[in-house]
Amino acid sequence: YKIYIQAIDQAGNKSATRTIEVHKDSTVPTVGAVRIENVTETGCTVSVSAGDETSGIKQYEYIFNGKVLATKTTNTVNITGLIPNQTYNVVVRVTDNAGNPKESVATTATTKGELLAPNVSISGTTRNGYYIGTVTVKVNDTSASGRSRVARIKVTGAGSERTITGTSGSFTITSDGTYTISAWSEDASGNKSTTTTKPAFTRDATAPSTASVKETSHTKNTITVSATATDATSGVKNIQYQYKLTSTNDADSQWTTAVTQTGKTYTYPSTKLTAGKTYDLRIIVTDNAGWTKKSGKITVNTNTAPVVETITYVSKTTSSITVDVRATDAQNDDLTYTMYVSTSNLALDSTSWGTAKAISSSVSAGSSVTLTARGLSQYTNYYIKIRATETNSRKIVRRTNVRTRFSDTHVLPRAADV
């Protein structure tokens, strides 16, 4: 309404006219249907259409289950802080500038259920950080009770992708290998949660795949062997090199461990073995998961030195002496012969024998060889030392003495220390 005011005095004079506008509004606003959009686990967008032709809209109150969650001057609001998987009764109260309120027709808003990354637990018997038996993998939804919208849980890292229907489940792993388990939850529409990934682990429930040993060389009282040891899963940790006399039984208590090492070559030393004995050798391979595998045994002999059987005088000149020598060898190794001479009756292991006067080529054990020492002095008494050497350096020596002379008379040697 507009009210016009003018003052008039007794003389009839008039003032200027003033206008006053007066509003009268006793009518509530018009409010349309409430719209619920962009629903999440904990919120949604609420909007409403409203109008007031007289005084206009002052505010909008957004009411969820009877509680005002927001008061705005706009007809759209983003509501947060709701509970997942919960149905709310929603009303918007619109108030005009004259203070006339009007509530919308109630509607409902149901938040989505939680879709959280699942929990993954891995259990089983372990040793040295490896699973050594059946491994059990369990998965379960981590949403609060009654709030989940999980329809299934997907798992990878243990063969082909697995689907566990519902909010929990488990499966077992019974094959050796290294695994990295990942899992995520999905709702009925295929929406995915974030992924839970567990640290990689290894299952090794199998003994080493290969354990064998073979002799590569031996001396008088040492034996060198090479080992073959493999493990496909956790790898080889160490190798025990064991030995026993062949004359004893095969019980584990009869075996002695010479050394435990990672190397695949080992020489059984003279402190462990005795010359001329027969031994059984084996290895025990241990993998990093603690499983062991024994090799088959091999039977070997520590070697005995060759024996010089004879030193036979053949001939002499004013500056040479010739002899035939023959040695035998229990292992039938090929032999070489070395001839030394001295005017003194030296010990066999003396270093004063000097350089060799003659060296034969390699011959079969038991074969005779003729050796000639040259460059000798006439009418001098000489001691002769013969060394028989196997191809692997086991050796023995014998000696005799012969005196050179000018004549061609053949004089048999006089044996000493034979």
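1. In this predicted model, T156 has S182 as its bridge partner in β19. The bridge belongs to a pairing of strand β15, residues 152-156, with strand β19, residues 182-186, which run antiparallel to one another over 5 bridges.

2. These two strands are part of an open sheet of 4 strands, whose order is β16-β15-β19-β20 and whose pairing is antiparallel. The edge positions are taken by β16 (162-165) and β20 (196-197); each has a single partner strand, so one side of each is left without a neighbour in the sheet. As general background, the strands of a sheet pair through backbone hydrogen bonds, in either a parallel or an antiparallel sense.

3. A117 is placed in the loop that connects β10 (107-110) with β11 (119-123). Apart from neighbours within four places in sequence, A117 has contacts with T142, S193, T194 and T196. As for its position relative to A305, which lies 188 residues away along the chain, the two C-alpha atoms are 76 Å apart.

4. N100 also merits attention as a loop residue: its place is between β8 (87-96) and β9 (101-103). With a relative accessibility of 14%, N100 falls below the 20% limit and therefore counts as buried. Its side chain makes polar contacts with backbone oxygens, that of D25 at 3.2 Å and that of T27 at 3.3 Å. Beyond its neighbours within four places in sequence, the contacts of N100 comprise D25, S26, T27, V28, P29, V94 and T95.

5. The aromatic residues form 7 ring pairs in total. One of these joins Y243 and Y279 in an edge-to-face arrangement, with 6.3 Å from centre to centre and 65° between the planes. Because Y243 is in strand β24 (residues 236-245) and Y279 is in strand β27 (residues 278-287), this pair ties together parts that are 36 residues apart in sequence.

6. Are the two members of that pair, Y243 and Y279, buried or exposed? Y243 has a relative accessibility of 13% and counts as buried; Y279, at 4%, also counts as buried. Both tyrosines belong to a cluster in which ring pairs link Y241, Y243, Y266, Y268 and Y279.

7. Two positively charged side chains should be noted for their placement over aromatic rings. R127 lies over the face of W291, 4.5 Å from the ring centre. K385 is positioned over the face of Y340, where the distance to the ring centre is 4.7 Å.

Note on methods:
Residues are numbered from 1 along each chain as its sequence is written. This is a predicted model: local features need pLDDT of at least 70, side-chain atom pairs count only at pLDDT 80 or more; totals for chains, interfaces and linings use all residues. Side-chain values use heavy atoms; hydrogens and water are left out. Contact means heavy atoms within 4.5 Å. Two strands pair if DSSP finds at least two bridges between them. Rings of Phe, Tyr and Trp (its six-membered ring) pair if their centres lie within 6.5 Å; planes under 30 degrees apart count as stacked, over 60 as edge-to-face and the rest as tilted. Buried means under 20% relative accessible area, exposed over 50%, partly exposed in between (1.4 Å probe, protein chains only). A charge sits over a ring if NZ of Lys or CZ of Arg is within 6 Å of the ring centre and within 35 degrees of the ring normal. A polar contact is a pair of N or O atoms within 3.5 Å; within protein, one must be able to donate a hydrogen and the other to accept it, and residues adjacent in sequence count only if both atoms are side-chain atoms.
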